[in-house]
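Work through the following exercises with the sequence and the model side by side. Try each task on your own before reading its solution.

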Amino acid sequence: DDILKIKLTAPPIDNEANKSLITFLAKQLKISKSNISISKGLTAKNKTLLIVGITNEELTNKLNAIISK
């Protein structure tokens, strides 16, 4: 499995950290927030995300571009 580590400043209270993660990724990937959901680990530190509306190749390219900044 591929792992991407993202550090957030939002507190894990009232789902704020999860919302912050989805907002951040949507902005960086230039996709709608509704295309990203947490499929595993909603209340855990480690999460599995489901991202739709983008191909695996597009996702990989966009993430690589973000990481290399």
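**Exercise 1: Charges and surface**

Task: Find how many positive and negative side chains the chain has, and how far apart the centres of the two sets lie.

Solution: Start with the rule for counting, in which Lys and Arg count as positive and Asp and Glu as negative, while His and the chain ends are not counted. Next, place each charge at NZ of Lys, CZ of Arg, CG of Asp or CD of Glu. The chain then has 11 positive and 6 negative side chains, and the centres of these two sets are 7 Å apart. As a last step, turn to the surface: the chain exposes about 5,600 Å², with 53% of it supplied by carbon and sulfur atoms, where accessible areas come from the Shrake-Rupley method with a 1.4 Å probe.

Before going on, note that this is a predicted model, in which local features need pLDDT of at least 70 and side-chain atom pairs count only at pLDDT 80 or more, whereas totals for chains, interfaces and linings use all residues. Residues are numbered from 1 along each chain as its sequence is written, and side-chain values use heavy atoms, with hydrogens and water left out.

**Exercise 2: Confidence**

Task: Decide where in the chain confidence is lowest and where it is highest.

Solution: The score to use is pLDDT, the predictor's confidence in each residue, from 0 to 100. Over the chain it averages 91, and 99% of the residues score at least 70. Going element by element, confidence is lowest in helix α2 (residues 56-67), with a mean of 91, and highest in strand β1 (residues 36-40), at 96.

**Exercise 3: Overall fold**

Task: Describe the pattern that the chain follows along its sequence, and explain why it counts as being as compact as a globular protein of that length.

Solution: First identify the elements, which are DSSP runs numbered from the N terminus: helices (H or I, at least four residues) and strands (E, at least two). There are two helices and two strands, and read along the sequence they give the pattern α-β-β-α. The radius of gyration is 12 Å, close to the 11 Å that the globule rule gives for 69 residues, so the chain is as compact as a globular protein of that length. In this comparison the radius is taken over C-alpha atoms, and the rule is 2.2 Å times the number of residues to the power 0.38.

**Exercise 4: Buried or exposed**

Task: Determine whether Leu29 is buried or exposed, and which residues it contacts beyond its neighbours within four places in sequence.

Solution: Apply the cut-offs: buried means under 20% relative accessible area, exposed over 50%, and partly exposed in between (1.4 Å probe, protein chains only). Leu29, which lies in helix α1 (residues 16-29), has a relative accessibility of 1% and therefore counts as buried. Taking contact to mean heavy atoms within 4.5 Å, and leaving aside neighbours within four places in sequence, Leu29 is in contact with Ile51, Leu59, Lys62, Leu63 and Ile66.

**Exercise 5: The segment before α1**

Task: Compare the phi values of Asp14 and Asn15, and state how exposed each residue is.

Solution: Asp14 is in the segment before α1, and its phi is near 55°, a positive value in a residue other than glycine. Asn15 is also found in that segment, with a positive phi near 70°. By relative accessible area, Asp14 is exposed at 66%, whereas Asn15 is partly exposed at 38%.
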